Amino acid sequence: MYDKSQLRRGTLEGCILKIIKLEETYGYEIMNKLSSYGFEELSEGTIYPLLIRLEKKKLICSNYKASPLGPRRKYFSITELGINMLNSFEEHWDSISTTVNKILSLGEK
């Protein structure tokens with residue numbers, strides 16, 4: 001059986017950068033948005049290490065804000081370096097997905 005975690009790991013960083021670029025947000029909300037777009041079986045154990053890694057690479061930054069529902073939340077926003085990385089990801093993803101789709105459709109006509 002195909003190990004989809006390897007493929008997912010490589011694409012999640014780009015998707016997280018895109019979500020954060022659209023609006024400043026926090027980890028749980030990012031996880032819910034990813035799930036709503038079809039990334040199933042995501043857990044906090046997957047998302048939070050990725051957020052830490054993106055922050056260490058200075059692709060995102062964070063600050064704490066008050067939450068109306070309880071303790072303060074850590075909100076993430078994208079940096080200029082993160083925007084550059086996202087643009088590069090989108091460019092490469094278009095190329096790779098087009099190529100893979102062509103190959104996977106071989107013999108289907």
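In what order do the three strands of the open sheet come? In this predicted model, the order is β1-β3-β2, with antiparallel pairing. That leaves β1 and β2 as the edge strands, each pairing on one side only. Helix α3, residues 44-56, packs on this sheet and touches both β2 and β3. The direction of α3 makes about 125 degrees with that of β2.

A closer look at the strands fills in the picture. Strand β1 covers just residues 25-26 and is joined by two bridges to β3, which spans residues 70-78. Here Y26 stands opposite Y75 of β3. On the β2 side, seven bridges hold the antiparallel pairing of β3 with β2, residues 60-67. Y75 turns up again here, with N63 standing opposite it, while S62 stands opposite F76. To get from β2 to β3, the chain goes through a hairpin of two residues.

Next come the charged side chains, where the count of salt bridges comes to six. One of them brings R53 and E13 together, at 3.0 Å from N to O. These two sit 40 residues apart, R53 in helix α3 and E13 in helix α1 (residues 4-22), so the pair links distant parts of the chain. The partners differ in their surroundings: E13 is buried, as its relative accessible area of 17% is under the 20% cut-off, whereas R53 is partly exposed at 36%. The pair also belongs to something wider, a network of salt bridges linking E13, R53 and K57.

Helix α3 has another charged contact, this time with the sheet. E55 in α3 forms a salt bridge with K74 in strand β3, 19 residues apart, and the closest N and O atoms lie 3.4 Å from each other. Both ends are partly exposed, E55 with 25% relative accessibility and K74 with 28%.

A further salt bridge joins K33 and E23, at 2.4 Å from N to O. K33 belongs to helix α2, residues 27-36, and E23 to the loop between α1 and β1, with their positions 10 residues apart in the numbering. K33 is partly exposed at 23%, and E23 likewise counts as partly exposed, at 37%.

Finally, what about the nonpolar side chains on the surface? W93, I96, V100 and L104 form a patch there, with about 390 Å² of accessible area together. One of these residues, I96, lies in helix α4, residues 80-104. The relative accessible area of I96 is 46%, so this residue counts as partly exposed.

Technical notes: Residues numbered from 1 in each chain as written. Predicted model: local features only at pLDDT ≥ 70, side-chain atom pairs only at ≥ 80, totals over all residues. Heavy atoms only, no water. Pairing = 2+ DSSP bridges. Helix = DSSP H or I, 4+ residues; strand = E, 2+ residues; numbered from the N terminus. Contact = heavy atoms within 4.5 Å. Axes fitted to C-alpha atoms, helices over the stretch in contact; angles between N-to-C directions. Patch = residues over 30% accessible without salt bridge, like charges linked within 9 Å, V, L, I, M, F, W, Y side chains within 5 Å. Areas by Shrake-Rupley, 256 points an atom, 1.4 Å probe, with all protein chains shown as cover. Salt bridge = Lys/Arg side-chain N within 4 Å of Asp/Glu carboxyl O. Buried < 20%, exposed > 50% of the residue type's maximum accessible area, 1.4 Å probe, protein only.
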